[in-house]
Amino acid sequence: MNTNRREFLKASSLAGLGLISSTVFAGNKEEKLDNKANTSLVQNAGKRLLGSGKHQLQVSAIGLGCMGMSYHRSFVPDRKVSINLIREAYEIGINFFDTAEAYGPYLNEDLVGEALAPIRKNVVLASKFGFVDGTPSKGLDSRPETIRKAVDESLKRLKTDYLDLVYQHRVDPNVPMEEVAGTVKELIQAGKVLNFGLSEASVDNIRKAHAIQPVTALQSEYSLFTRDPEKTVIPVCEELGIGFVPYSPLSRGLITGYINERTKYNAQNDNRPALPRYQRDAILANWPLIELLKDFGDQRGLTVAQVALAWLSAQKPFIVPIPGTTKLAHLRENFDSSLYEFDPKELNELTSNLDKIKIVGERAVGQQAQQIKN
Ligand SMILES: NC(=O)c1ccc[n+]([C@@H]2O[C@H](COP(=O)([O-])OP(=O)(O)OC[C@H]3O[C@@H](n4cnc5c(N)ncnc54)[C@H](OP(=O)(O)O)[C@@H]3O)[C@@H](O)[C@H]2O)c1
């Protein structure tokens, strides 16, 4: 019953609004959806691979970032709403869920664990370690004993006996990367973790880690406001066969048009008020980028968020964005972005127009900026 509903939702989505490429769905869409051969097309539609060899994961082309349901996005919706959203994400075809001990801390893992419990074996669950007491403001801690303890505690909160993917949340300059990778390798041998990931690691540290334990995915900030990874870590991921997972792919809601210079945040539970790009002048200075995406989308039946996400996915086949949301409408909108295929000419044109816009405002300051430099 559930499988049928998932296939129906995916098929409806694929057939909707002409978003899917004609090479996949040519001819009479409704007829094609009825035949059996097409079912496998539907099942494989929108899937991507992260990593290579024995440490490869097949995931939906768009994942779900769960952080904002508990942490750093001003409000916290009713728990039942978030549990329903996570389960609905699975129903529409998302199988890749992202959390971390730091989100709360701990609260988000507890929520995600409850939401995914009935479907645990069918999903790819990723979490992260790497801070003192799971708290970024207390500093970095990737000592082997801390990693082992953090993973054991994550497993309990997530109500599971394995993590599909565990990321080091930030590189700890006091612990050699080889030691971190070696510790995760032992956790993989023990069956507690299946795959290893890094977040905001430098090219050097990616290479060091990969030499000890193949890295499945690098998760770093990448959006139309933060394009540095194109010149630094993405080429290394391509060379080594590592997947790339852009976090904050909508720049924490900015690249949607949904928030603007009048938006108010709850500073007790939001990192945006402290970041330069969310200040009034920077928002206004960067607004031409939103307008460009809007103009592009208006002609094609796409929203600003959909163009932004589709553009990221179009850069490399091993890129899997994980937008966060607390709303079913946004969830479906974001997921549908994976069905849009650019014509190469329009993609080039859009990219060259985007390249002309200079983004104002640093992406991080203070301790946060310090922690992404390793
Ligand atoms: N590795 C790391 O260090 C790191 C750091 C930050 C985040 N992450 C991960 O990345 C995930 C996503 O990052 P993020 O939450 O920072 O940024 P994001 O995905 O770029 O943006 C999320 C924000 O955008 C809004 N939004 C989402 N879809 C929308 C749509 N279609 N239209 C309008 N607004 C929309 C959401 O509000 P609504 O709830 O109202 O939709 C939310 O406030 C997190 O959940 C987390 O798992 C990782």
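In this predicted model, strand E1 (residues 47-50) and strand E2 (residues 57-60) run antiparallel to each other and are joined over four bridges. Within this pair, Lys47 sits across from Ser60 in E2. The two strands form a hairpin with six residues between them, and Gly51 there takes a positive phi near 80 degrees.

Stepping back to the whole chain, there are 14 helices and nine strands. The chain has 374 residues, and buried ones make up 46% of them. A look at who touches whom along the sequence is also useful here: taking contacts between residues at least 6 apart, 76% link residues that are at least 24 apart.

Next comes the sheet. Seven strands make up an open sheet with parallel pairing, and going across it the order is E3-E4-E5-E6-E7-E8-E9. Strand E3 (64-65) and strand E9 (243-247) are found at the edges; each has a single partner strand, so one side of each has no neighbour in the sheet. As a general point, strands of a sheet pair through backbone hydrogen bonds, in either a parallel or an antiparallel way.

Strand E8 (residues 215-221) is a handy place to look at this sheet in detail. On one hand, E8 pairs with E9 in the parallel sense, over five bridges, and Gln219 stands opposite Val245 in E9. On the other, strand E7 (residues 196-199) pairs with E8, again in the parallel sense, over four bridges. Here Phe196 has Val215 in E8 as its bridge partner. As for surroundings, six of the seven residues of E8 are buried, so the rest of the structure largely encloses this strand.

Moving on to helix packing, a pair of packed helices is generally described by the angle between the axes and the distance between them. For helix H6 (residues 144-157) and helix H7 (residues 177-189), the axes come within 9 Å and cross at roughly 35 degrees. The crossing of H6 and H7 is right-handed. On the H6 side, the contact is made by Pro144, Ile147, Arg148 and Val151, while H7 brings in Glu179, Val180, Thr183, Val184 and Leu187. Sorted by class, this contact of H6 with H7 has six nonpolar residues, one polar residue and two charged ones.

Helix H7 also holds Lys185. With 16 other C-beta atoms within 10 Å, Lys185 is partly exposed, because a count between the limits of 12 or fewer for exposed and 20 or more for buried falls in that class. Leaving aside residues up to four places away in sequence, Lys185 touches Ile212 and Gln213. Lys185 and Gln213 are 28 residues apart along the chain, yet their C-alpha atoms are separated by 5.9 Å.

A few backbone details in the loops deserve a mention. Gly104 and Pro105 are joined by a cis peptide bond, with omega at about 0 degrees. Pro105 itself belongs to the loop between strand E4 (96-98) and helix H5 (107-116). Lys159 is not a glycine, but it has a positive phi of about 55 degrees. This residue, Lys159, is located in the loop between H6 and strand E6 (165-168), and with 15 C-beta neighbours inside 10 Å, Lys159 counts as partly exposed. Arg252 is another residue that is not a glycine but has a positive phi, about 55 degrees. Its loop lies between E9 and helix H10 (280-298). Arg252 has 24 other C-beta atoms within 10 Å and is therefore buried.

Finally, there is the ligand. Of the 28 residues around the ligand, the ones that come nearest are Gly65, Met67, Leu250, Gly253 and Gly324. By class, the shell around the ligand splits into nine nonpolar, 14 polar and five charged residues. Helix H12 (residues 328-336) gives the most to this shell, contributing three residues.

Technical notes. Residues are numbered from 1 along each chain as its sequence is written. This is a predicted model: local features need pLDDT of at least 70, side-chain atom pairs count only at pLDDT 80 or more; totals for chains, interfaces and linings use all residues. Axes are lines fitted to C-alpha atoms, for helices over the stretch in contact, and angles run from 0 to 180 degrees between N-to-C directions. A crossing is left-handed if the near helix is turned anticlockwise from the far one by less than a right angle, and right-handed if clockwise. Two residues are in contact if their C-beta atoms, placed from the backbone, lie within 7 Å. Ala, Val, Leu, Ile, Met, Phe, Trp, Tyr, Cys and Pro count as nonpolar, Asp, Glu, Lys and Arg as charged, and the others, Gly among them, as polar. A residue is near a molecule or strand if its C-beta atom, placed from the backbone, lies within 6 Å of it. Two strands pair if DSSP finds at least two bridges between them.
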